[in-house]
Amino acid sequence: MLMPDSGTPIRRRAVIVGGGTMGAGVAAVFIAAGWGVVVVEPLAEARGSIAARVGLLLDKDEVALAGVLRPVSSLSQVNWKRVEILSENAPEDLALKRRIFELLDESAPRDVVLTSNSSTFSMRSLARGLHGSSRMLGVHFLMPAHIVPLVEILDTGPASGHVVEKARNILLSLGKKPVCLKKEVPGFLANRMQAALMREALALVEDGVATAQDVDAAVRFGFGFRYAACGPIVQKEHSGWDISHKVYQTVFPSLNNSVEPPPVLDRLIQAGAFGMKAGCGFVQWTEPAARHEQARFNLAMRRAVEVACADEDDAPLDWRPHP
């Protein structure tokens, strides 16, 4: 097997279970780093289109991917030679995912790290009762997986320490920025914080404080603009926690704390206004407008990666345990 546009033999291989949107994105991550990838996808249509979809993400044609991407219909067709890691990307169905890990427990070689990209289920719930649970852990890529640097490692289940470290080293070799969760919480780390922001954003729209367009602009061109340079903790290290403490005494009591989705979101769902894929949400989407926005978004994301990951400008920070 040869890497695309290279004569270097592939030494490392990964298996991706599930060839949907996330599976294609994760496959693209490994291929871009020079790995060979086997995609296990039982649905013929998705299996037949996986090379074209991965090629689109990597700006390569199917011919260039022929030596590094192999779609198969079942785990029984996987050649495990040189496979180091597996990423499960099946639909968010607990019974289905448990069945996949039961099969993997029986068939995958013991030195292969078995991971789930689930955004819902902990590896503890997926690996319960399995003999090989010590090599199973959550490794959660964020969409679009081939662009977003962050990957969450859910160090909260049965995996042993050396398996967690092996997964972390693999992610670093892929150019990713792994973070580890030490406790199980709904939404994990990134999506949990994102949900808190979204609750307040939709509440501001619902209450008529600002339009959806201006809420988006406030994040994109305001505090969100700073997050390509540093996270919320370091940003407040710049501005001073004493100032933030005074501001929060006024703001925190007025923040939305509803445990239910806001009415504006219920109305969108009831109207079938799911966003771009439905042709409308807060925005009316024609096909040309959607294509243009997707192209603009992907280009902007790639430029943001260049800024956020410019490690040569980063001085190592002396992080300490929280007070």
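**Exercise 1. Glu92 and its salt-bridge partner**

Task: In this predicted model, determine whether Glu92 is buried, partly exposed or exposed, and identify the residue with which its side chain meets in a salt bridge.

Solution.
1. The relative accessibility of Glu92 is 38%. Buried requires a value under 20% and exposed a value over 50%, so Glu92 counts as partly exposed.
2. The side chain of Glu92 meets that of Lys97 in a salt bridge, with an N to O distance of 3.2 Å.
3. Lys97 has a relative accessibility of 1% and therefore counts as buried. The pair thus joins a partly exposed residue, Glu92, to a buried one, Lys97.
4. Glu92 and Lys97 also belong to a network of salt bridges that includes Glu88.
5. Such pairing follows a general pattern: side chains of opposite charge can pair when their charged atoms come close.

**Exercise 2. Two further salt bridges**

Task: Establish where the partners of the salt bridges Glu102–Arg98 and Glu184–Arg124 lie.

Solution.
1. In the pair of Glu102 and Arg98, the closest N and O atoms are 3.9 Å apart. The cut-off for a salt bridge is 4 Å, so this pair qualifies.
2. Both residues lie in helix H4 (residues 94-107), four residues apart, which is about one turn of the helix.
3. In general, an α-helix has 3.6 residues a turn, so residues three or four places apart point the same way.
4. Glu102 is partly exposed, with a relative accessible area of 26%, and Arg98 is likewise partly exposed, at 22%.
5. Glu184 forms a salt bridge with Arg124, and here the closest N and O atoms are 3.1 Å apart.
6. Glu184 is placed in the loop between strand S8 (177-181) and helix H7 (190-206), while Arg124 is in helix H5 (residues 123-127); the pair therefore ties together parts that are 60 residues apart in sequence.
7. Glu184 is partly exposed at 42% relative accessibility, and Arg124 is partly exposed with a relative accessible area of 42%.
8. Counted by the 4 Å rule, the model has 12 salt bridges.

**Exercise 3. The surroundings of Asn89**

Task: Describe the location of Asn89, its accessibility and its contacts.

Solution.
1. Asn89 is found in the loop between strand S4 (83-88) and H4.
2. Its relative accessibility is 11%, so Asn89 counts as buried.
3. Leaving aside residues up to four places away in sequence, Asn89 touches Ile16, Val17, Gly18, Met22, Gly23, Val26 and Asn117.
4. With one of these, Asn117, the side chain of Asn89 makes a side-chain polar contact of 2.7 Å.

**Exercise 4. The nonpolar cores**

Task: Which elements give two or more residues to the largest nonpolar core, and which of them contributes the largest share?

Solution.
1. The largest nonpolar core has 35 residues, and those touching the most other members are Phe30, Ile31, Val37, Val54, Leu69, Leu137 and Phe141.
2. Two or more residues come from each of strand S1 (13-17), helix H1 (21-32), strand S2 (36-40), helix H2 (44-58), strand S6 (136-141), strand S7 (150-154) and helix H6 (161-173).
3. H1 gives the largest share, eight residues.
4. Val54 illustrates the packing: not counting residues up to four places away in sequence, Val54 touches Ala24, Ala27, Ala28, Ile31, Leu65 and Leu69.
5. A second, separate core has 23 residues, among them Val78, Ala108, Val112 and Leu114.

**Exercise 5. Backbone exceptions and a bent helix**

Task: Locate the cis peptide bond, characterise Asp59 and Phe188, and describe the geometry of helix H8.

Solution.
1. As a general reference, most residues other than glycine have a negative phi, and most peptide bonds are trans.
2. The cis bond joins Met143 and Pro144, with omega about -5°. Pro144 is in the loop between S6 and S7.
3. Asp59, although not a glycine, has a positive phi of about 60°. Asp59 lies in the loop between H2 and helix H3 (62-65) and counts as exposed, at 75% relative accessibility.
4. Phe188 is not a glycine either and has a positive phi of about 60°. Phe188 is in the loop between S8 and H7, but counts as buried, at 7% relative accessibility.
5. Helix H8 (residues 212-226) has 15 residues and reaches 21 Å from first to last C-alpha, close to the 21 Å expected. H8 bends by about 35° at Arg220.

Notes
Residues numbered from 1 in each chain as written. Predicted model: local features only at pLDDT ≥ 70, side-chain atom pairs only at ≥ 80, totals over all residues. Heavy atoms only, no water. Expected span 1.5 Å × (residues − 1). Bend = angle between axes of the 7 residues up to and from the residue. Buried < 20%, exposed > 50% of the residue type's maximum accessible area, 1.4 Å probe, protein only. Contact = heavy atoms within 4.5 Å. Polar contact = N/O pair within 3.5 Å; in protein donor to acceptor, adjacent residues only side chain to side chain. Core = buried A, V, L, I, M, F, W, Y, C linked by side-chain atoms within 4.5 Å.
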